[in-house]
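Got a few minutes to poke at a model together? Here it is, and some questions and answers follow.

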Amino acid sequence: MYRLRKKVDIALYDEAETWAMYNSKTTEVKPDLVDKKSIVVLDPRISGFASRLLLHQSENISELFTNCNIVDESDYRRRRYLWGVSEGVTDMPVGDSFPLESNLAFMNGVSFSKGCYLGQELTARTHYTGVIRKRLMPVDIASSTSILIDNGVSVKNEDGKNTGKLRSHIGNNGLALLRVSLSQNKKLIVNDKEGNDIEMTARIPEWWPNKENLLIQ
């Protein structure tokens, strides 16, 4: 429970739907909205990743964006994994994840100049020391067939060293919490549900700042 300093009224707003809109190079769009409660903005996390839409029920998304195709949620998940963007408790388990390891400071998710929150001192201290050895990274799973790998399974590199854990995946794309210095330019190995060794590789996303410094931590 949290006590707010100001009196506010919180009510369920069930007259809208949330959407993500993206293509190879997402830019700002300003559709002719019917309802003033509808909102269309660029996703504030990463430039070019997507637009975020909160559309009132009176809006017709097919008429607003006539050149767009509607896809299911798995397509959006795959895009997130390709970009290395985490969302929700599957990618960031409660009690087993830290904001900086989840790259939230790179995605406008943490402020070091204002606010107060649980874990603020640890987060700020870690940030200013500049040492974050593990990070959520996009991984490409080398398999030509449909594979099932449990979330949270351990990851080792080709030298046999424990490197981290696979957080989630869909098909050949996923996110893993890995030691950056132990995961680059090396084959990584996880076990599928049948105990078979599955190879994968980790990538540093293009949108990460100071990539050279991250490699030596």
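Helices here are DSSP runs of H or I with at least four residues, numbered from the N terminus. Keep in mind that this is a predicted model.

Q: Which glycine follows α2, and what is the sign of its phi?
A: Helix α2 covers residues 73-83. Right after α2 comes glycine 84. Its phi is near 80°, so the sign is positive for glycine 84.

Q: Which residues of α2 are buried?
A: Buried means under 20% relative accessible area. In α2, the residues that count as buried are Tyr76, Arg79, Arg80 and Tyr81.

Q: Which elements do the buried residues of α2 pack against?
A: There's one helix on the list, α3 (88-91). The rest are strands: β1 (16-21), β3 (51-56), β4 (134-142), β6 (162-170) and β7 (173-179).

Q: How many residues of β6 are buried?
A: β6 is one of the strands that α2 packs against with its buried residues. This strand is mostly covered, and out of 9 residues the buried count is 7.

Q: What is the bridge partner of lysine 156 in β6?
A: Strand β5 (residues 154-157) runs antiparallel to β6, with 3 bridges joining them. The hairpin has 4 residues between the strands, and glycine 160 there has a positive phi near 85°. Across the pair, lysine 156 is matched with asparagine 162.

Q: What is the bridge partner of leucine 166 in β7?
A: β6 and β7 are antiparallel too, joined by 6 bridges. Their hairpin leaves 2 residues between the strands, with glycine 171 at a positive phi near 65°. In β7, leucine 166 is bridged to alanine 176.

Note on methods:
Residues are numbered from 1 along each chain as its sequence is written. This is a predicted model: local features need pLDDT of at least 70, side-chain atom pairs count only at pLDDT 80 or more; totals for chains, interfaces and linings use all residues. Side-chain values use heavy atoms; hydrogens and water are left out. Buried means under 20% relative accessible area, exposed over 50%, partly exposed in between (1.4 Å probe, protein chains only). Contact means heavy atoms within 4.5 Å. Two strands pair if DSSP finds at least two bridges between them.
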